[in-house]
Amino acid sequence: MPVSPDPTPGARLLTALAGAQLLVALDFSIIYVALPDIGTSLHFSAVALQWIVSAYAIFFAGFLLLGGQLADVFGSGRVFLTAQLLFAASSAGAALSSSAAELIAARVGQGVAAALLVPATLGLLSSAYPAGAERDRAVAVWGTTGAVGLALGVTAGGGILAVASWQWIFWINLPIVAVCLLAAGNALRATTAGERAPIAVAATLSACTAVVAVVLAFTELSRARPALPVVATALAVTVLAGGLLAFSQKRRRPLAPRALLGVRTLRTACLVAALYMASFGAEFYLVTLYLQEVRDYSALAAGMAFLPLAGTITVGNTVAGRLAGRVPLRRLLSMAFLTGAAGLLVLALAVGAEGGYVPGILPGLLLSGLGQGMAFTAMFITGTRDLPQASNATGSALVTTAQYTGGSIGLALLVLLHGERPTAGDFVLAFSVTAVIAAAAAPSVLILLSRTGRQPAPPTHREQPSEHPTGGHR
C-alpha cells in the first residue's frame, strides 16, 4: 500500500527535483574545463577527448525513453531512487579511474543513471503539480536549475581544478545525491506503479548503437588521416541499427509510443530541443576550448569567464516562466532562439577580430545566455503541455532524448569542422554554424505551432479521454 505523501511536500520535493536536474546538467558541463588535464593524465588523444563528453551524452539520450517507460511501469519514485544510487556509484568509479577505458565506462554509467533520473524527475513533478500555472512555475524552477547547471558546471570545474585534482569534479556529485534523497523523503514512496508491460530494451540498444556509430564516423573523419574502412563500417552499423529501431516501432511496446508522436506540441519541442543542444549546448565546448587552446586561459580563468553566461541564463529562465502564460509559446520560443543566435554570431565576430574579453566575448555570452535561458524553459513547457498523464514520463523523456542526441551529433560535427588543432578561423566557422542552427529554430516553431491551441492529449490504454488534464496556455 503506498505511503501517504508529506502533506506539505511542495518546497522539499521541488528542491529534490531541481537538485536532480542540477546533477544531470552539472555532470554534463563540468567536464569541459577538465578535458586537457584528464587527457594528459589518462593519455587521451586530442580527437578522442570528445568521448568523455559524448559517452555521457549518447547513453543519456539513448536510454531516456527506456527510463521513461520504467518510470511509467514501476513508479517514478522507485526509479528516482535507483537512478540516484547508480549516479553515485558511477561518479565514484569515474573518480577512481586509472585509464581512459575505465573513465569512459564510468561516464557511460553516469549517462544511463541520468537517463533514468530525468523522466523520473519529470514524472514526480507532473504528479505533484497540476497542469496550468502551478506546474508552469515548477517547470520554470526546474528548467532554471538545469540551464544554470550547464553554465555553472564550467565555472565550478575551473574552481575545483584550481585547488584540487580533476577527480574531484566527480566526487562532488555524492553530496548532491545525498541532498536530493533527503529532500524527497516520503514522496519517493508515494508514487504508484503502473500497469506491467514489456520494456523496449532492444529498441533502446538499437538507438544507442546508431548514435554511437554516427559519432564514431564523425570522430574518425576529424582525424588528419581518417581510416575510411572505420568510417564505412560505422555508417553501415548506423543504417543497420536504424533499421532495427524502425522495426521495433511496429511492435507492441515501441521505444516511442505512436500515440505520443501524434502530439504536435511534443513533436515541435523535440525538434526545438535538438536544435537547442546542437547550437547552445555546443557553445560550452567551443568557448572553453577557444579560451584555453587559443587564448591560453587557465582552467580557473576559463571557468570564471562563464559566470556572466550563468547569470543571464537565470534571467532568461525567469523571463520565460513569467511570459509563458501571457505570450504564445511560438512567439516566445522564436524570440528566444533569435536572441541566442545573435549572441552566437557576436561570438563568431569577436573570435575573428581577436578582441578582448569585455568588448568582444562578453556581449556574445550575455545575449546567448539570455536566449538559451528563455528557450530552455519554453521548450519544456511546450513539450509537457499536452501529454497524457499515464505516459507523462515517457513523453517528457522524448524531449530530453532529442536534446542530447542533437548535442552529441552536433558536437561530433563541430569537431569535424575544426579538426584536431583548431585555429581562430576554425572557431569563427564553428560559432557561425551554431548561430545558423539556432536561428533555424525560430521559423520552425512559428510554422509548427501556428495552428496549435490546447489540443486534447491522445488516450492511452490506461486512461479515457475524460481523464485528460485540462488548462494551460498557448
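The legends below accompany an overall view and several close-up views of a predicted model.

**View 1. Overall architecture of the predicted protein, which has 19 helices and zero strands.** Helices (H or I, at least four residues) and strands (E, at least two) are DSSP runs, numbered from the N terminus. Residues are numbered from 1 along each chain as its sequence is written, local features need pLDDT of at least 70 and side-chain atom pairs count only at pLDDT 80 or more, while totals for chains, interfaces and linings use all residues. Side-chain values use heavy atoms, with hydrogens and water left out. Of the 474 residues in the protein, 58% are buried, where buried means under 20% relative accessible area, exposed over 50% and partly exposed in between (1.4 Å probe, protein chains only). The protein exposes about 17500 Å², of which carbon and sulfur atoms supply 67%; accessible areas come from the Shrake-Rupley method with a 1.4 Å probe, and for residues only the protein chains shown count as cover. Among contacts (heavy atoms within 4.5 Å) with a separation of 6 or more, 86% join residues that are 24 or more positions apart.

**View 2. Helix α3, residues 50–74, with its kink at L64.** The 25 residues of α3 should span 36 Å at 1.5 Å a residue, and the end C-alpha atoms lie 34 Å apart, which agrees; the expected span is 1.5 Å times one less than the number of residues. A kink of about 40° is centred on L64, the bend at a residue being the angle between axes fitted to the seven residues ending there and the seven starting there. The helix is mostly covered, with 23 of its 25 residues buried, and α3 is followed by G75, whose phi is positive, near 100°.

**View 3. The salt bridge between D27 and R107.** A search of the whole structure finds one salt bridge, defined as a side-chain nitrogen of Lys or Arg within 4 Å of a carboxyl oxygen of Asp or Glu. The closest N and O atoms of D27 and R107 are 3.2 Å apart, and the pair links distant parts of the chain, with D27 in helix α1 (residues 10–29) and R107 in helix α5 (residues 100–128), 80 residues apart. D27 is buried, with a relative accessible area of 0%, and R107 is likewise buried, with a value of 0%.

**View 4. The surroundings of S91 in helix α4, residues 76–95.** S91 counts as buried because its relative accessibility is 0%. Leaving aside neighbours within four places in sequence, S91 is in contact with Q110, F170, N173 and L174.

**View 5. L216 in helix α10, residues 201–221, and its contact with W51.** L216 counts as partly exposed, at 35% relative accessibility. Not counting residues up to four places away in sequence, L216 touches W51 and A234; L216 and W51 are 165 residues apart in sequence, yet their C-alpha atoms are 9.1 Å apart in space.

**View 6. D296 in the loop between α13 (264–294) and α14 (299–304).** Although D296 is not a glycine, this residue has a positive phi of about 60°. D296 counts as exposed, at 63% relative accessibility.

**View 7. The cysteines C180 and C270, both of which count as buried.** Relative accessibility is 1% for C180 and 15% for C270. The structure holds zero disulfides, a disulfide being a pair of cysteine sulfur atoms within 2.5 Å.
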